[in-house]
There are 2 protein chains.
Amino acid sequence: MRLRSIVELIAAKRDGQALAPEEITWMIQALTKGEIADYQFSAFLMAVFFRGMTDEETVALTYAMLHSGSVVDLSHVQAIKVDKHSTGGVGDKTSISLAPLLAACGVPVPMVSGRGLGHTGGTLDKLEAIPGFRTDLGVEHFKKQVQTIGTCMIGQTADIAPADKKIYALRDVTATVECIPLIVASILSKKLAEGIDALVLDVKVGAGAFMKDEARALALANALVSVGTRAGKRMSAILTRMDSPLGREIGNANETREAIEILRGGGPDDLRECTMVLAEEMLLLGKAAKTPEEARTLLQANIQSGKALRVLEQMVEAQGGDPKVVEHPEHLPQPEVRVPVLATASGFVAGIEAFTLGMTAVSMGAGRSRADQAVDPSVGITLDKKPGDAVKTGDQIATLLLRKHHDAVALGKRVSDAFSYTEQKPTLPPIVVARIGS
Amino acid sequence: MRLRSIVELIAAKRDGQALAPEEITWMIQALTKGEIADYQFSAFLMAVFFRGMTDEETVALTYAMLHSGSVVDLSHVQAIKVDKHSTGGVGDKTSISLAPLLAACGVPVPMVSGRGLGHTGGTLDKLEAIPGFRTDLGVEHFKKQVQTIGTCMIGQTADIAPADKKIYALRDVTATVECIPLIVASILSKKLAEGIDALVLDVKVGAGAFMKDEARALALANALVSVGTRAGKRMSAILTRMDSPLGREIGNANETREAIEILRGGGPDDLRECTMVLAEEMLLLGKAAKTPEEARTLLQANIQSGKALRVLEQMVEAQGGDPKVVEHPEHLPQPEVRVPVLATASGFVAGIEAFTLGMTAVSMGAGRSRADQAVDPSVGITLDKKPGDAVKTGDQIATLLLRKHHDAVALGKRVSDAFSYTEQKPTLPPIVVARIGS
């Protein structure tokens with residue numbers, strides 16, 4: 001077939017046509033080589049925003065972005081390798097529990113994670129709160145550790161999906177971020193570069209999530225599962241609620257401590273339930289269990305036996321961190337100051353605005369508003385009360401974990417304002433909104 | 001009000017919001033100064049393609065583009081100054097008759113025209129077929145000649161609407177040309193820079209026009225009239241048919257000769273009618289006549305008296321051309337070779353594909369496929385038969401006006417194939433499809 005020019009391809013997409021896979025492949029290669037201009041590709045992105053893409057087009061886009069860089073070969077690891085990806089929330093530290101827990105159950109987890117940006121935290125920042133822990137290990141170390149310990153948690157290397165970096169940078173400045181096929185290709189091109197066989201997606205929905213609306217979140221989850229399946233991967237997605245923060249901790253060291261608590265069988269109910277549901281799904285995709293019930297039993301056995309904690313210790317040690325933090329989380333960085341935040345009403349906590357608390361934590365230094373900022377592992381927020389809890393005016397509802405120089409009054413006001421109250425005990429929606437299998 | 005960032009403005013347009021006039025003004029100024037990136041503006045253009053613009057937004061865009069450069073001040077000319085703009089067709093030489101004809105009737109016509117590109121010809125190229133004729137005169141000459149002779153026909157200077165040049169170049173490579181508010185702002189920003197008070201638009205519709213579809217052409221005409229009126233100009237638009245070429249001549253010298261013929265009271269019916277309808281509308285906007293009938297009478301008087309021809313002679317002389325061509329059009333460049341094209345069927349000419357003949361003339365050298373090409377004034381096509389004419393197989397239907405090196409057989413085949421025939425005498429649609437007043 002004759003390959004159409006970039007102007008013809010933009011016009012075709014603009015007019016609602018599906019492009020041929022080889023046309024999309026050519027376009028991404030030409031963009032990477034600088035043969036088509038950024039201003040042409042951004043017009044194309046806006047046309048995709050309005051016209052969408054078929055699953056076939058999104059698969060082609062994903063593959064083209066994936067093969068713009070290198071792909072890790074984990075064929076030496078003789079098992080179904082499963083990863084989990086979250087679309088991002090506040091207080092979401094499930095990855096830190098999931099990787100060692102699944103490895104303990106015999107399912108290898110090769111995990112390439114990101115850093116926090118805006119109101120959402122990042123797994124790498126949380127892990128790096130562990131003294132000495134390194135996430136900048138090379139591909140060879142990654143491949144070996146996945147084989148020996150069953151999991152390795154690192155950051156994205158420069159040669160993973162460079163086309164995605166370029167396209168994401170363009171989307172960010174052209175109001176084309178919120179577009180499902182572009183989101184799908186961005187997520188999957190990076191995840192497929194890890195050498196995985198299966199992927200569980202935690203698609204967050206609610207006021208504190210990227211997708212505020214359940215229908216949009218469901219559409220994203222379905223598209224991810226459908227496109228990933230067409231790309232030959234075992235896929236499933238769980239829609240989970242992100243109105244209030246997940247768990248009680250928002251920050252870095254404190255979130256890592258809470259994730260360790262989960263591996264000890266403790267932790268807050270919402271975080272434990274979210275972690276276990278994702279873990280079940282990963283076990284099912286990894287063929288280590290046949291039913292969710294069987295999976296839950298296996299997970300609980302590995303928690304109760306302490307095996308999951310042992311894998312975490314091995315992983316921390318293998319990545320240069322101090323393994324003592326697993327048994328003694330008090331060795332994690334501690335805040336200079338703890339300031340209580342008190343309830344301004346009596347009754348029940350109705351909700352806690354995740355977005356507000358995420359942005360407040362960023363302003364303390366726990367996250368980033370620009371990608372080149374450093375984070376402070378010691379600071380953050382602890383929620384002493386969660387939605388549904390009974391409170392009386394003056395009860396401690398949260399704790400600020402601060403540096404001495406912070407303006408505790410202003411920060412306390414922001415955290416306090418993020419709480420809403422109700423006279424009647426509220427009915428809390430379940431954490432899992434929907435499951436989408438492949 | 002707080003001015004939103006470019007990303008917020010792109011997102012607002014993407015989501016179907018109307019932007020504030022000052023936001024559009026800022027955006028065009030920032031684009032001109034290089035403060036917003038081309039890739040951002042092209043994403044905005046594609047969002048406009050899908051979401052459109054209100055008339056208020058289009059007025060703001062027109063003004064911002066207009067004031068990106070200099071505006072001619074013709075306030076010293078004490079009359080309503082009227083111009084005409086055509087959206088472009090094949091064989092459309094009405095401007096060359098209209099400017100002197102209207103000036104003869106007392107209505108000043110300050111006319112800044114363009115060159116041919118693609119299948120459509122350009123007024124400047126046709127005028128430059130007159131030996132010595134200059135269209136690159138400065139603004140001071142333009143202002144003086146409009147005052148003394150009543151008309152001056154020049155090309156766009158570099159400082160007229162530079163933002164339009166930049167935006168048009170981006171639209172051309174991002175598939176955002178065919179978008180009514182962007183077309184309107186492009187046309188009006190350039191025309192308003194001439195210092196006019198009133199503008200008649202000749203919106204071509206049909207297979208040989210930019211707008212193939214009557215509903216789209218009508219929408220463009222309405223938008224032009226509405227936005228121009230809001231910008232304080234007297235406006236009207238005529239939708240005219242462009243399926244077959246206008247008149248009998250396609251080229252440059254031969255088109256100029258045909259335009260002179262119109263001023264002598266001759267010329268083909270379709271061209272004469274199109275010219276007279278546009279001239280009537282210009283007289284009405286210029287308040288030199290109260291009714292179309294009164295206007296027609298005034299026009300015919302100025303043709304019959306020879307006054308229109310005299311103004312043309314004055315204009316040609318004032319612009320450095322040889323005024324003898326007006327009385328002796330045989331002094332215009334002549335082709336090296338004339339080759340007849342013969343009818344392949346008997347009956348009636350049903351239609352002549354304007355687009356095909358326009359492109360054939362370009363391939364002879366009468367037009368351009370790229371903006372930096374020169375044109376050959378002597379070459380072109382003469383239509384010896386027009387739609388509705390009776391023909392017998394072997395009758396001469398057209399004449400190729402060629403250079404000796406041209407492939408007359410191949411060119412003749414293309415011209416021949418552009419003719420279609422019918423057994424019954426066809427009913428020809430009127431040249432004027434609709435009139436839109438302000």
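**Notes on two sheets and a two-fold**

1. Let's start with a helix on a sheet: α10 (residues 214–230) of chain A lies across β4 (198–205), β5 and β13 of chain A, at about 165° to β5(A). Some terms first: helices (H or I, at least four residues) and strands (E, at least two) are DSSP runs, numbered from the N terminus. Contact means heavy atoms within 4.5 Å; axes are lines fitted to C-alpha atoms, for helices over the stretch in contact, with angles from 0 to 180 degrees between N-to-C directions.

2. Before going on, the ground rules. This is a predicted model, where local features need pLDDT of at least 70 and side-chain atom pairs count only at pLDDT 80 or more, while totals for chains, interfaces and linings use all residues; side-chain values use heavy atoms, with hydrogens and water left out. Residues are numbered from 1 along each chain as its sequence is written, and chains are lettered from A and ligands numbered from 1 in the order in which they are written.

3. The sheet under α10 is open, has four strands in the order β1-β4-β5-β13 (chain A), and is mixed in its pairing. Its edges are β1 (82–86) and β13 (432–437) of chain A, each pairing on one side only, and the twist averages 15° from one strand to the next. Two strands count as paired if DSSP finds at least two bridges between them. β5 (residues 234–241) of chain A and β13(A) run antiparallel, with five bridges joining them; A237(A) has I436(A) as its bridge partner in β13(A).

4. Now the other sheet: four strands again, open, ordered β6-β9-β11-β7 (chain A), with antiparallel pairing. β6 (249–251) and β7 (337–342) of chain A are the edge strands with a single partner each, so one side of each has no neighbour in the sheet. Neighbouring strands here are turned by 15° against each other on average, direction ignored. Six bridges hook β7(A) to the antiparallel β11 (residues 396–402) of chain A, and V337(A) has L402(A) as its bridge partner in β11(A).

5. Two helices pack on that sheet. α11 (residues 253–263) of chain A touches β6, β9 (380–383) and β11 of chain A, its direction making about 140° with that of β6(A). α16 (residues 354–364) of chain A also touches β6, β9 and β11 of chain A, with about 140° to β9(A).

6. What turn lays chain A on chain B? One of 179°, with a shift of 0.1 Å along the axis and an RMSD of 0.1 Å, which is the relation of a two-fold axis. The superposition is by least squares on C-alpha atoms of residues with pLDDT of at least 70 in both copies. In chain A, Y39(A) has the C-alpha nearest the axis, 1.7 Å from it. Both copies use the same surface: 100% of the contact residues of chain A recur in chain B.
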